[in-house]
Amino acid sequence: MSSVDLNADMGESFGPWVMGQDEALLEVITSANIACGFHASDPDVMAATMTLAVARGTGIGAHPGFPDLQGFGRRRMEVSKASLRNLVAYQLGAAQAMAGKAGGSVRHLKLHGALANMCAEDKAMALAAYEGALAVDPQIIVMVLAATEQQAAVEELGCRWAGEIFADRAYNDDATLVDRSLPGAVIHDPALAAERMVKMVQAGAIITESGKHIPAAVDTICLHGDGKTALEIARSVRAALQGAGVALEVFPGRSGRV
């Protein structure tokens, strides 16, 4: 691949409690997934993060999750398909309002935490979530966990989409993420993260813990903003990719049914 996007989840602080190093990360990444107030964030944090992203010229994305501030959206919930559509539509609308207030616009959407993981396993659930977003903005680019049921859903819907892989997470052989409770699931070593990303981008594939190569649409790489070495990983991955001749730019999005 000649180019790839770097994205990070951010805007996840709440009131006086600070989460992540958003301003510094915005110097490294090309796309920002901004929390919408359900799993994290509040109106002031959203407004401040959107303003920073607009000033940097960063691609702005809505980052909806389950209504679970205490669990940071990482606890699984049972939600009806109708409620899920509304849940996602509501949060995308909030992101659009805040982005517009800051002089920008929302170009993509990425699900958060347990909601994302469940939709990676369940196409019907992913369809409901994305239908909620597309009802608000039919041109939104849906960022999906590459080679999972999320991708199957956007291909069925025929909407614009981009495939994502993770710099700081280990993979199972079905392209889902290793559960955070297991050893080695989260990668904290910047050098290891950088090495893995160069290999995956060059291979156009997800490389699992067992060494299996899963062909994947590698349009964007996620750098979690809340990890203890997040900024170091972001800088290391960026430098390694550039050193390998890979340009960093906002993803254009894939279109239509395959």
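**View 1. Lys110 in strand S4 of the predicted model.** In this predicted model, Lys110 is found in strand S4, a strand that covers residues 108-110. Is Lys110 buried or exposed? With a relative accessible area of 3%, Lys110 counts as buried, because buried means under 20%. Lys110 and Ala120 are separated by 10 residues in sequence, and their C-alpha atoms lie 12 Å apart in space.

**View 2. The salt bridge of Lys110 with Glu164 and the network around this pair.** Side chains of opposite charge can pair when their charged atoms come close. Here the side chains of Glu164 and Lys110 meet in a salt bridge, with 2.8 Å from N to O. Glu164 belongs to strand S6 and Lys110 to strand S4, so this pair ties together parts of the chain that are 54 residues apart in sequence. Glu164 counts as buried at 1% relative accessibility, and Lys110 counts as buried as well, at 3%. Which residues are joined into one network by salt bridges that share partners? The network consists of Asp9, Lys110 and Glu164.

**View 3. The salt bridge between Arg85 and Glu131.** A search of the whole structure finds nine salt bridges, and one of them is formed by the side chains of Arg85 and Glu131, at 2.9 Å from N to O. This pair links distant parts of the chain, since Arg85 is in helix H3 (residues 81-101) and Glu131 is in helix H5, 46 residues apart. Arg85 is partly exposed, with a relative accessible area of 32%, and Glu131 also counts as partly exposed, at 31% relative accessibility.

**View 4. The salt bridge between Glu27 and Arg56.** The side chains of Glu27 and Arg56 meet in a salt bridge, for which the N to O distance is 3.3 Å. Glu27 lies in the loop between H1 and strand S2 (31-35), while Arg56 lies in helix H2 (residues 43-56), so the pair ties together parts that are 29 residues apart in sequence. Why does Glu27 count as partly exposed? Its relative accessibility is 47%, and partly exposed is the class between buried, under 20%, and exposed, over 50%. Arg56 counts as partly exposed too, at 41% relative accessibility.

**View 5. The packing of helices H4 and H5.** Two packed helices are described by the angle between their axes and the distance between the axes. Helix H4 (residues 113-121) packs with H5 at an angle of about 125°, and the axes of the two helices are 5 Å apart. This angle makes H4 oblique to H5, because it falls outside the ranges for roughly parallel (under 35 degrees), roughly perpendicular (65 to 115) and roughly antiparallel (over 145). H4 passes H5 in a left-handed crossing.

**View 6. The packing of helices H5 and H6.** Helix H5, which covers residues 123-136, packs with H6 at an angle of about 55°, and their axes are 8 Å apart. That angle makes H5 oblique to H6. What is the handedness of the crossing of H5 and H6? The crossing of H5 and H6 is right-handed.

**View 7. Ala147 and Ala175, two alanines with a positive phi.** Most residues other than glycine have a negative phi. Ala147, which is not a glycine, has a positive phi near 70°, and Ala175 likewise has a positive phi, of about 75°, although it is not a glycine. Where does Ala147 lie? Ala147 lies in the loop between strand S5 (141-145) and helix H6 (149-157), whereas Ala175 lies in the loop between strand S6 (161-166) and helix H7 (190-203). Ala147 is partly exposed, with a relative accessible area of 30%, but Ala175 is buried, with a relative accessible area of 3%.

**View 8. A nonpolar patch on the surface.** Phe14, Trp17 and Leu69 form a nonpolar patch on the surface, and together these residues have about 350 Å² of accessible area. Phe14 is found in the loop between strand S1 (3-10) and helix H1 (22-25). With a relative accessible area of 37%, Phe14 is partly exposed, and this value passes the cut-off for members of a patch, because they need over 30%.

Definitions and conventions: Residues numbered from 1 in each chain as written. Predicted model: local features only at pLDDT ≥ 70, side-chain atom pairs only at ≥ 80, totals over all residues. Heavy atoms only, no water. Patch = residues over 30% accessible without salt bridge, like charges linked within 9 Å, V, L, I, M, F, W, Y side chains within 5 Å. Areas by Shrake-Rupley, 256 points an atom, 1.4 Å probe, with all protein chains shown as cover. Salt bridge = Lys/Arg side-chain N within 4 Å of Asp/Glu carboxyl O. Helix = DSSP H or I, 4+ residues; strand = E, 2+ residues; numbered from the N terminus. Buried < 20%, exposed > 50% of the residue type's maximum accessible area, 1.4 Å probe, protein only. Axes fitted to C-alpha atoms, helices over the stretch in contact; angles between N-to-C directions. Left-handed = near helix turned anticlockwise from the far one by under 90°.
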